[in-house]
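Trainee: I'd like to take a close look at one small part of this protein, and then see how the rest fits around it.

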Amino acid sequence: MVVILRDRFRVGGDLTLVTLTEEQLTWTHAETLHTVRVCDVVYAVEGNGVLNVHSCPLCSISQGRTHVVHTFDWISAHHNSLGEIFTRCLFTPPYIYEASLTLSKWVKSLQDLCSGHYSHKQSLLFILNPISGKGYASHVFHTQCAPLLHFWGVSHQLMGFEPTHLEPTNKDDKETRYESHATEIGKSFQTGAYSGIITVSGDGLLGQLVNGMLGRQDWHEAIQTPIGVIPAGTMNGLSSSLLVTSPTVSMFNILRGVIRPFDAMLFVQPKSKRVHWGIVNLLWGLFAEIDFNSEKFRCMGPLREYFCGLFKLIDMPSFPMKFNPNTVIRSTNRIIQAFISPS
């Protein structure tokens with residue numbers, strides 16, 4: 001393998017030689033050889049003489065991927081005398097700038113290598129729910145998604161609420177201002193304009209998007225646009241089912257562009273003839289009542305379900321229904337394309 005970069009770093013207190021090739025990043029720590037595949041690198045950033053490499057290695061089929069941060073200290077490996085340490089406490093020495101230039105080469109090399117694993121030729125559209133979960137969706141996007149988009153050089157557009165203390169990602173950003181706005185986006189977006197549509201939310205916003213896409217006249221074309229979700233809601237049922245609960249790992253999977261089909265469920269209310277598409281589950285009775293009435297307690301996060309459930313158990317309502325086991329189940333052939341964890 002061709003060596004691209006090689007230098008001395010201090011890792012976990014040990015002085016070691018770190019080597020970057022076209023396929024992997026290797027070093028020795030505690031007499032053990034450590035390896036990070038380039039295809040598993042999420043992004044890299046340097047600052048204060050330290051190189052941080054974020055990766056998402058595949059642990060196992062049952063565990064999926066996990067977010068790992070590797071820290072490489074360049075300054076302490078090259079300038080670690082008592083005089084130099086004392087100098088750093090008083091002012092910024094010249095070798096701080098030397099460290100920045102050196103580590104910038106490492107970041108740039110990792111960027112060039114990672115770009116070969118990026119699969120999206122068009123822009124990604126992100127739809128953000130400002131009140132999802134505890135209202136942290138915007139913070140999740142800017143701190144755990146935006147660094148990856150910048151590192152990989154991905155063109156993207158953000159539709160969502162922008163707090164005043166955060167700079168808009170795009171001057172044309174719009175706000176999702178009301179309930180079912182994502183449904184309208186799903187009905188009106190131009191097919192073929194995006195490499196994918198991603199919701200930064202829980203399951204609700206993604207469900208609205210799917211209903212909009214499947215409610216179009218040209219639904220067979222609309223569902224060819226892959227969809228994905230960055231878990232930023234209360235329960236994140238779909239992400240949990242995929243064993244991906246980390247926003248960083250979700251963003252990494254989306255950028256790698258591995259796509260698999262998944263089914264949508266069709267529900268029709270007999271009296272109103274209202275059609276609804278589901279992607280996670282169908283709730284009836286007590287659990288549906290708790291989920292619906294707990295919306296007013298979003299500030300409590302996942303605890304809102306338990307809080308509302310306690311009061312419902314004290315005054316248990318009844319939910320009469322008729323179940324016909326002889327109902328014929330038909331396939332609608334409306335298969336959604338979704339981003340999943342790459343192998």
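In which strand is Val268 found?

Mentor: Before we zoom in, keep in mind that this is a predicted model. Val268 sits in strand β15, which covers residues 265-268. Now, how covered up is Val268? Its relative accessible area is 48%, and since exposed would need over 50% and buried under 20%, Val268 counts as partly exposed. Val268 also has company: together with Leu266 and Val275, it makes up a nonpolar patch on the surface, and the three share about 240 Å² of accessible area.

Let's zoom out to the whole chain for a moment. The accessible surface adds up to about 19100 Å², with 56% of that belonging to carbon and sulfur atoms. The chain has 343 residues, and 44% of them count as buried. β15 is one of 17 strands, and there are 11 helices too. If you take the contacts between residues at least 6 apart in sequence, 62% of them join residues at least 24 apart.

For a contrast with your strand, have a look at helix α4, residues 137-152. Plenty of α4 is tucked away: the buried residues include Val140, Phe141, Leu148, Leu149, Phe151 and Trp152. You can check the length of α4 yourself: with 1.5 Å a residue, its 16 residues should span 22 Å, and the C-alpha atoms at its ends are 21 Å apart, so the two agree. That 1.5 Å is multiplied by one less than the number of residues, by the way. α4 has a kink as well, of about 40 degrees at Cys145, shortly before the proline Pro147. Cys145 itself is buried. Just past the end of α4, Gly153 has a positive phi of about 65 degrees.

Speaking of phi, most residues other than glycine have a negative one. With that in mind, check out two loops. Ala30, in the loop between β3 (24-29) and β4 (32-37), has a positive phi near 55 degrees without being a glycine. Asn48 isn't a glycine either, and its phi is also positive, at about 55 degrees. You'll find Asn48 in the loop that runs between β5 (41-47) and β6 (50-55). Is Asn48 buried or exposed? With a relative accessible area of 74%, which is over the 50% cut-off, Asn48 is exposed.

So, back to where you started: Val268, in β15, is partly exposed and belongs to that nonpolar surface patch with Leu266 and Val275.

Terms used. Residues numbered from 1 in each chain as written. Predicted model: local features only at pLDDT ≥ 70, side-chain atom pairs only at ≥ 80, totals over all residues. Heavy atoms only, no water. Helix = DSSP H or I, 4+ residues; strand = E, 2+ residues; numbered from the N terminus. Buried < 20%, exposed > 50% of the residue type's maximum accessible area, 1.4 Å probe, protein only. Contact = heavy atoms within 4.5 Å. Areas by Shrake-Rupley, 256 points an atom, 1.4 Å probe, with all protein chains shown as cover. Bend = angle between axes of the 7 residues up to and from the residue. Patch = residues over 30% accessible without salt bridge, like charges linked within 9 Å, V, L, I, M, F, W, Y side chains within 5 Å. Salt bridge = Lys/Arg side-chain N within 4 Å of Asp/Glu carboxyl O.
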